[in-house]
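Hi,

Here is the structure I promised to pass on. Have a look at it first, and then read my notes underneath.

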Amino acid sequence: MDAQVIAIALAAVFSIPAIYFDSREHKIPNKLNYAFLGAGIAASIGLNHFSLDYLAFLFFSFLFSFILFALGIWAGGDAKFFTAINFSFSITDGRPKRLRR
């Protein structure tokens with residue numbers, strides 16, 4: 001299966017309940033965030049997309065979300081969900097085919 005299809009499916013499956021909880025309760029449950037994070041990591045490992053570029057991307061996406069959380073712009077659940085969605089979308093390789101290794 002194509003990595004982009006998996007990333008979009010993961011995002012859809014976990015975003016729909018996150019939108020529901022965030023709009024109703026103004027909180028995204030930790031169980032949902034951690035399940036999404038685990039699914040993104042498992043998909044990345046399963047598709048052999050674990051590399052130094054991947055780890056750098058994850059570090060900077062976490063750092064960005066943590067800064068927004070620390071400044072009070074985002075709540076904790078939003079920061080965790082942003083990090084989890086980046087874990088799932090980093091399994092795709094958006095570079096043109098001629099630049100891929």
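**What turned up**

His-26 sits in the loop between helix H1 (3-25) and H2. Keep in mind that this is a predicted model, so please read everything below in that light. His-26 has a positive phi of about 55° although it is not a glycine. That caught my eye because most residues other than glycine have a negative phi. His-26 also counts as exposed, at 66% relative accessibility.

Stepping back to the whole chain: the protein chain has 4 helices and 0 strands, and from the N terminus on its elements run α-α-α-α. Of the 101 residues in the chain, 31% are buried. If you take the contacts in the chain with a separation of 6 or more, 68% of them are between residues 24 or more positions apart.

Next, a pocket you may want to click through. The second largest pocket holds about 160 Å³ of space. Which elements give two or more residues to its lining? They are helix H2 (30-46), helix H3 (52-70) and helix H4 (76-89). The lining is made up of Asn-33, Tyr-34, Leu-37, Phe-62, Ser-65, Phe-66, Phe-69, Gly-76, Ala-79, Lys-80 and Thr-83. By type, those lining residues divide into 6 nonpolar, 4 polar and 1 charged.

From that lining, I'd pick out Thr-83, which belongs to helix H4. Is Thr-83 buried or exposed? Its relative accessible area is 9%, so Thr-83 is buried, the cut-off being under 20%. The side chain of Thr-83 makes a polar contact of 3.0 Å with the side chain of Ser-65, and Ser-65 is another of the residues lining the pocket. Leaving out residues up to four places away in sequence, Thr-83 touches Ser-61, Phe-62 and Ser-65.

Now for the aromatics. How many aromatic pairs does a search of the whole structure find? The answer is 9. One of them is Tyr-20 with Phe-21: the ring centres are 5.5 Å apart and the planes are at 70°, so this pair is edge-to-face. Tyr-20 is partly exposed at 44% relative accessibility, and Phe-21 is partly exposed too, with a relative accessible area of 25%.

Phe-64 and Phe-82 form another aromatic pair, and this one is tilted, with 5.6 Å from centre to centre and 55° between the planes. Phe-64 lies in helix H3 and Phe-82 in helix H4, so the pair ties together parts that are 18 residues apart in sequence. Phe-64 counts as partly exposed at 44% relative accessibility, and Phe-82 is partly exposed as well, with a relative accessible area of 24%. Finally, Phe-14, Phe-36 and Phe-81 form one aromatic cluster.

If you only have a few minutes with the viewer, I'd go to three places. Start at His-26, with its positive phi of about 55°. Then go to Thr-83 and its 3.0 Å polar contact with Ser-65. End on the tilted pair of Phe-64 and Phe-82, which links helix H3 and helix H4.

Cheers

Conventions
Residues numbered from 1 in each chain as written. Predicted model: local features only at pLDDT ≥ 70, side-chain atom pairs only at ≥ 80, totals over all residues. Heavy atoms only, no water. 1 Å grid on protein atoms, 1.4 Å probe; cavity = no way out; pocket = protein on both sides within 12 Å on 5 of 7 lines; lining within 4 Å. Points joined across faces, edges and corners; volume = space filled by probe spheres on them. Nonpolar A, V, L, I, M, F, W, Y, C, P; charged D, E, K, R; others polar. Buried < 20%, exposed > 50% of the residue type's maximum accessible area, 1.4 Å probe, protein only. Polar contact = N/O pair within 3.5 Å; in protein donor to acceptor, adjacent residues only side chain to side chain. Contact = heavy atoms within 4.5 Å. Phe/Tyr/Trp six-rings, centres within 6.5 Å; stacked < 30°, edge-to-face > 60°.
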